[in-house]
Amino acid sequence: MTASYPALRLRRTRASAWSRRLHAETVLTPADLIWPLFVAEGEGVEQPIASLPGVSRWSVDGIVARGREARDLGIPCIALFPYTQVERRTEDGREALNPDNLMCQAIRALKDAVPEVGVLTDVALDPYTSHGHDGLVDAAGYVVNDTTAEMLVAQALNQANAGADIIAPSDMMDGRIGMIRSALEAESHHNVQIMSYAAKYASACYGPFRDAVGSRGLLKGDKKTYQMDNANAEEALREVAMDLAEGADTVMVKPGLPYLDIIVRVRQAFEVPVFAYQVSGEYAMIEHAVAAGAVERDVMVLETLMSFKRAGCSGVLTYHAAHAAKLLG
């Protein structure tokens, strides 16, 4: 039994800032953040992305500078995504297997310069295919599962050989986690983690990201035959269960804010580390609201990130990572 009003006044512990800090149930720190970065060719290159205000593509030397910044801000991990030139894109996405592609160059440079910062790498073919899909496409335009998974295994090994710390398959092909885990073990990459995009929904929120990696104008059709239907929640639990059984160390829900209910359910059902990706469209909505004078950036950034932690996330991939880390001190 608890007391009732007026003996119990729930506002009492909210009356002072020090007391609010003391009674906070959820804590957000820079260590909860993963910073997504886009890699471009060249040297000394910064390419602002119009649909992602404040976000740029960086050449490898710029990526290294961002790595040092992450270290100094207390951000433990960087996620890499390449901008592949059109002439390097093919139907089969074979540039993904090039040991000297942009991803591998950036991985090696980061591990040489700031080895204490983790490097997470995207495993999917959409930055490399001429059709913009995450896998190989048959004559009918269907993304085929098993041959795509074989390519993803080779891509994952290529990144692991370059020094990646976390392999993050974002393609949503069935069975690829088990195949990648077996291949990593066979090649003695025992400590390379797998963070599976286990519940990745077909979403309207990915447009700016596709601009950033150069696939929006190339995409033929949509990705609804492999990314999840946003009407489904039970299916997300099945996807997570499958990936954990195949050897995923951690799982991700993507996008973030529209799927907080999925994060809660995954955390409660499996009690494993769950991450969320606050995707490009979510970031852009905040920035456009700031530009319109509708919200205050600092407050909105921290509030949305806190919502992920409150829902049960171990960490969040966010383009606001550096800004949030500065606010958090």
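How many of the 329 residues of the protein chain count as buried? In this predicted model, the share that counts as buried is 54% of the 329 residues, and the views below go from the whole chain to single residues.

**View 1. The whole protein chain, with its 11 helices and 10 strands.** The C-alpha atoms of the protein chain fill a box of roughly 70 × 45 × 40 Å when the box is taken along the principal axes. The radius of gyration of the protein chain is 20 Å, which agrees with the value near 20 Å that a compact globule of 329 residues would have. Of the contacts in the protein chain with a separation of 6 or more, 75% are made by residues 24 or more positions apart. The protein chain exposes about 14500 Å², and carbon and sulfur atoms supply 52% of that area. Its charged side chains number 31 positive and 42 negative, and the centres of the two sets lie 9 Å apart.

**View 2. Helix α3, residues 102-113, and the elements against which its buried residues pack.** At 1.5 Å a residue, the 12 residues of helix α3 should span 16 Å, and the end C-alpha atoms are indeed 16 Å apart, so the expected and the modelled span agree. The buried residues of α3 are L102, M103, C104, A106, I107, A109, L110 and K111. These buried residues pack against strands β1 (33-39), β4 (77-82) and β5 (118-123), and also against helices α2 (60-73) and α4. An α-helix has 3.6 residues a turn, so residues three or four places apart point the same way.

**View 3. Helix α4 and the elements that cover its buried residues.** The 18 residues of α4 should span 26 Å at 1.5 Å a residue, and this agrees with the 26 Å that separate its end C-alpha atoms. Among the buried residues of α4 are T148, A149, M151, L152 and V153, and the list also includes N158, Q159, A160 and A162. What covers the buried residues of α4 includes helix α3, strand β5, strand β6 (166-169) and helix α5 (176-186). Just after α4, G163 takes a positive phi of about 120 degrees.

**View 4. Residue Q155 in helix α4, which runs over residues 145-162.** Q155 has a relative accessible area of 0%, and because buried means under 20%, Q155 counts as buried. Leaving aside its neighbours within four places in sequence, Q155 is in contact with A96, L97, D122, V123, A124, L125 and Y128. The C-alpha atom of Q155 is separated by 21 Å from that of D112, a residue 43 residues apart from Q155 along the chain.

**View 5. Residue L317 in strand β10, residues 315-318.** L317 counts as buried at 0% relative accessibility. Apart from its neighbours within four places in sequence, L317 is in contact with I34, P36, A79, M195, M252, A276, Y277 and Q278. Between L317 and A292, which are 25 residues apart in sequence, the distance from C-alpha to C-alpha is 25 Å.

**View 6. Two cis peptide bonds, one from Y5 to P6 and one from K254 to P255.** The bond that joins Y5 and P6 has an omega of about 10 degrees, and P6 is found in the segment before α1 (17-22). The bond from K254 to P255 has an omega near -5 degrees, and P255 lies in the loop between β8 (250-254) and α8 (260-270).

**View 7. Positive phi at M172 and at S188, two residues that are not glycine.** M172 has a phi near 70 degrees, and its place is in the loop between β6 and α5. Is M172 buried or exposed? With a relative accessible area of 5%, M172 is buried. S188 has a positive phi of about 65 degrees, and its place is in the loop between α5 and β7 (193-200). The relative accessible area of S188 is 51%, and because exposed means over 50%, S188 is exposed.

How values were computed
Residues are numbered from 1 along each chain as its sequence is written. This is a predicted model: local features need pLDDT of at least 70, side-chain atom pairs count only at pLDDT 80 or more; totals for chains, interfaces and linings use all residues. Side-chain values use heavy atoms; hydrogens and water are left out. Helices (H or I, at least four residues) and strands (E, at least two) are DSSP runs, numbered from the N terminus. The radius of gyration is taken over C-alpha atoms; the globule rule is 2.2 Å times the number of residues to the power 0.38. Buried means under 20% relative accessible area, exposed over 50%, partly exposed in between (1.4 Å probe, protein chains only). Contact means heavy atoms within 4.5 Å. Accessible areas come from the Shrake-Rupley method with a 1.4 Å probe; for residues, only the protein chains shown count as cover. Lys and Arg count as positive and Asp and Glu as negative; His and the chain ends are not counted. The place of a charge is taken as NZ of Lys, CZ of Arg, CG of Asp or CD of Glu. The expected span of a helix is 1.5 Å times one less than its number of residues.
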